[in-house]
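Colleague: Could you walk me through a few spots in this model before I go back to the bench?

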Amino acid sequence: MRSIALIVVLVLSTSGLVAQTCPVTWRQAAQPQPRFGHAAATQTGTATLVLFGGQAGGGQAGGGQAADEHLLGDTWTYAHDCWTLHRTPGPDPRHGHAMAYDAARDTVVLYGGRNESDAFDDTWEWDGNHWSLVSLTGPGPLDDPALVYRPDLEAVMLVSAAGAWTWDGATWSPFAGSAPFGPGQILAAFDATSDSIITFHATSGTTWRLDQQTWQQISAVGPAPRAGAGMAADTERSVIVLHGGNDNGTVFTDTWEWDRHLWRQRSAAGPARSGAAMVVDASGTCRLVGGGRVVQGPTVADLTIRQHTWNGRTWMSPDTLPSRRAEPAITWDSRNHQVVLYGGLAEYPDPDDSDTTWLRSGDAWGVAAGLGNGIVTGHTLVHDPLRDVVVLLGGLYYSDATPVGTWERHDGTWTQVSGAAPFSGEVAAAWHEGLGGVVVTGSDEGDCAAAWLWDGRFWSPLDPLPASDCLEWDLVSDSTRGTVVLFSAGNVFERTLLGWVPVPVSSPAPPFLYRPQVAFDAARDVFVAVGRVGSTVETWTLDRAGIWQQVDVGGLQAATAFDLAYDPVAERVVLAGGRTAQQRLSDVIVEWDGASWIPARGTTPSPRTLPALQHDPSRNETLLFGGDNGVRSAAPEYYDDTWVLRDDKWHAVAGPQPPARSRAATCFRPDTNTILLFGGAGRSGILSDLWEWDGGQWTEVIPDDQPTSPNGAYAQLVWDQRRAAVVCYASDGAYVLQDGQWIGPVGLPFTMAFGSSATFDAGRDAPVVIPTLAYRAWIQEGPDPNDWRQVNQVAPSLWGDLVYSVGRARVLHLGRLSPLSLHSLDAQFDWQAVPIEQPGRYLEEYSVTYDARGGRILLFGGRGTGTFGGVRGDLLALDLGVLIGDLDADGHISLSDLAILLVAFGSGPGGDLNEDGATDLTDLALLLSNFGERCP
């Protein structure tokens with residue numbers, strides 16, 4: 001179990017240095033209580049987030065106040081991954097107020113809001129440590145106004161339906177008269193590309209520009225009307241981001257971006273939040289802070305203060321981990337109190353992902369820009385505390401095998417160091433406090449014993465290493481002694497100011513470690529060495545007495561191509577990336593706690609094929625159970641672990657589990673709000689037992705030894721809405737589940753010896769089945785068990801999965817043969833192709849379910865293809881919400897979409913359907929190919 005450590009952090013404020021205590025493990029004890037309707041702003045000078053007020057309790061989405069609600073008047077700041085409560089006097093408790101950072105005067109301005117009975121028109125300022133009441137009267141009592149800092153005017157501007165005013169630190173001055181839109185929530189942000197304020201009137205869903213003191217409606221197309229949304233200007237990417245909100249209790253999860261003259265939906269599956277605060281952090285990136293998740297009905301739930309950051313494609317949660325990769329580099333950045341991970345090679349190289357800098361503060365991962373030149377492998381990272389930079393050394397670009405050179409990261413930016421390094425290829429490096437530089441060893445015309453010192457300006461040669469085997473050594477910084485230690489084939493040397501000195505060892509050295517990686521564990525004062533011995537990986541420690549000891553390797557999969565770094569806040573050695581002895585990618589992040597390797601927070605299911613995957617619409621979560629390791633030449637390893645995907649985050653479920661298996665059949669049962677799991681293949685052969693998941697635990701319904709059960713080899717479970725019963729389509733016929741027993745089999749006009757794909761068509765009130773190898777779908781149109789008919793066309797693909805899409809009101813067929821295909825069954829019982837973006841890496845044995853709440857198909861695991869093929873462990877989502885070309889998101893591709901595209905033609909991304917950076921004839925062809933289509 002992880003020990004609880006208290007770390008003293010110094011936070012810079014305007015009144016000097018203030019000591020605070022940040023709990024490492026029990027993070028919820030030091031964070032604001034759940035709330036909605038709060039406000040926040042970022043003091044960019046100190047990179048500190050300021051949060052004030054809001055409303056706690058159950059909440060009511062449609063207005064009013066529940067009995068357990070109460071207003072909050074607390075002030076919190078967030079820096080270096082720690083929340084701090086400030087008990088200084090401040091504004092009265094309230095919600096619906098607005099806050100903005102005044103960069104010209106280095107203060108946070110707060111205005112308006114309301115309590116149980118009245119709206120406020122007072123103005124407050126936060127100086128980093130105290131609140132000051134600077135005005136009792138302003139533009140008027142306002143609820144849900146917007147505050148925006150205008151750098152062109154060096155002033156904070158208030159925007160409301162009653163008009164706009166600027167704040168000079170003492171008085172409010174009128175800037176523009178009454179707005180042409182009515183009362184309601186106002187969202188506003190500064191658009192640097194036009195030096196104007198972009199305003200979204202949330203009540204009507206209209207967008208306006210305030211420019212030269214004149215209001216102008218600029219778009220009638222964009223996000224739907226909503227309440228409780230968040231909006232801010234992403235200054236890093238020069239766009240305005242809008243997310244979330246609710247409409248009469250139904251949550252919005254979509255994310256929109258305003259780019260110069262057009263709204264564009266960028267994601268449909270973000271965090272479900274309403275009443276959250278959206279701010280821009282010190283790096284210019286949009287961050288969503290807390291807020292209530294609004295569910296169906298009047299209840300507002302899950303108000304926990306969570307933070308999500310937007311990278312232009314997706315929202316990153318604190319529990320998001322970097323994708324699996326080999327040959328990354330990782331180090332600890334003592335200046336910014338964070339782990340830095342960069343580069344490496346995934347199974348299917350993705351420059352957008354691999355060329356991303358990952359940053360971990362505490363247990364939260366965030367992303368930042370990379371070098372910008374593609375995938376990097378074979379490099380190393382070292383932090384230089386004297387110059388407060390992270391240094392990248394060695395490595396090659398994956399695309400053309402050219403040397404990467406030397407780069408340094410400072411204030412979030414990578415800069416290449418001029419001049420050639422005296423080495424090529426892979427290197428090992430470590431910070432040497434005594435020498436005031438980075439000690440680097442690498443290949444110099446085949447001389448692996450060469451060493452240099454990099455001080456940020458010059459390369460200086462050092463005396464050669466006392467070992468010369470390029471593959472079997474590593475350098476590590478001894479932070480206690482301020483030196484560098486060399487590990488080579490069991491021998492240990494320390495680089496003192498005078499040269500390399502052997503380190504006395506009083507016990508036998510470990511066996512020959514292939515490609516070892518070493519980190520110094522300062523909390524336990526030992527060196528931790530990990531390397532491969534034959535086909536297994538071993539972990540050894542070396543203490544100050546010179547005693548080597550082999551320790552437990554439980555939870556460690558990586559054998560090669562990984563990297564180590566010590567995290568002094570977590571007091572753990574972090575291992576990132578790597579490949580197993582079978583050359584599969586291992587778990588991306590594990591941590592050494594002094595006794596064993598344990599998964600880092602935010603862990604995900606291991607790579608696997610044929611798991612059971614089923615969405616639970618009643619809880620808006622997805623269940624994953626079992627699967628196997630994908631080995632087909634011998635007996636596979638079957639899994640019996642249960643995972644739940646909630647808010648796009650995996651949670652491992654403890655407790656008794658069904659027997660391990662793969663190929664199990666599942667379905668959601670709405671009459672009991674449970675998930676059924678049936679059959680599959682396990683260690684003992686074919687299983688025919690039935691289990692039920694109630695959202696928290698498994699219960700066996702029918703044991704495996706019942707002779708009346710269906711054949712569980714290739715079965716499918718379907719909830720038959722017409723019968724209000726579960727039907728099992730098995731190789732020996734159809735069975736109906738009644739009173740905990742299977743009734744059947746009922747003969748069918750087709751055979752399912754090799755299984756089938758099945759779903760229930762709610763639009764036609766009938767089940768649809770495609771027997772494997774039968775090439776045609778069958779529909780049971782009437783209640784008679786023999787009342788089946790074939791559809792008009794052959795099946796779109798020999799192998800595939802059937803799901804019913806609520807959003808499209810159609811049965812969809814996802815073809816499994818690469819490339820993936822998607823077809824919908826239209827009213828004439830014909831299959832119509834649906835264009836989809838290819839993931840480009842799946843062929844077989846993945847699992848699919850339909851997320852009705854998110855309007856998406858979820859695809860997990862499977863067997864990859866290509867040079868880096870193998871078993872996968874990632875989750876893909878296919879959004880089914882809008883057809884390509886539906887630019888105004890009205891569910892129909894028509895002349896209004898064509899007009900939007902033609903306005904932007906040749907000038908920018910307004911109609912850039914294929915996202916190639918331009919609106920051109922290719923985009924026009926895409927729109928016209930779908931013209932007249934409707935997405936129900």
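Here are some questions and answers on the core, the surface and one glycine.

Colleague: Which element gives the largest share of the largest nonpolar core?
Modeller: Happy to help, and keep in mind that this is a predicted model. The core has 17 residues, and Met157, Val159 and Phe181 are among those that touch the most other members. Elements giving two or more residues to this core include strand 12 (155–160) and strand 17 (206–211). The largest share, three residues, comes from strand 15.

Colleague: Which residues does Phe181 touch, leaving out those up to four places away in sequence?
Modeller: Phe181 belongs to that core, and is one of the members with the most contacts to other members. Beyond its sequence neighbours, Phe181 touches Ser160, Ala161, Ile186, Thr199, His201, Trp208 and Trp215.

Colleague: Is Trp799 buried, partly exposed or exposed?
Modeller: Trp799 sits in the loop between strand 70 (788–794) and strand 71 (800–805). With Phe754 and Leu773, Trp799 forms a nonpolar surface patch of about 310 Å² of accessible area together. Buried requires under 20% relative accessible area and exposed over 50%. Trp799 has 38%, so the answer is partly exposed.

Colleague: And Gly627, is that residue buried or exposed?
Modeller: Gly627 lies in the loop between strand 56 (621–625) and strand 57 (642–646). Its contacts include Thr609, Glu637, Tyr639 and Arg661. The relative accessibility of Gly627 is 0%, so this glycine counts as buried.

Colleague: What distance separates the C-alpha atoms of Gly627 and Pro611?
Modeller: Pro611 is among the residues that Gly627 touches. The two are 16 residues apart along the chain, and their C-alpha atoms are separated by 3.7 Å.

How values were computed
Residues are numbered from 1 along each chain as its sequence is written. This is a predicted model: local features need pLDDT of at least 70, side-chain atom pairs count only at pLDDT 80 or more; totals for chains, interfaces and linings use all residues. Side-chain values use heavy atoms; hydrogens and water are left out. A nonpolar core is a set of buried Ala, Val, Leu, Ile, Met, Phe, Trp, Tyr and Cys residues joined through side-chain atoms within 4.5 Å. Buried means under 20% relative accessible area, exposed over 50%, partly exposed in between (1.4 Å probe, protein chains only). Helices (H or I, at least four residues) and strands (E, at least two) are DSSP runs, numbered from the N terminus. Contact means heavy atoms within 4.5 Å. Patches are made of residues with over 30% relative accessible area and no salt bridge: like charges are joined within 9 Å, nonpolar side chains (Val, Leu, Ile, Met, Phe, Trp, Tyr) within 5 Å. Accessible areas come from the Shrake-Rupley method with a 1.4 Å probe; for residues, only the protein chains shown count as cover. A salt bridge is a side-chain nitrogen of Lys or Arg within 4 Å of a carboxyl oxygen of Asp or Glu.
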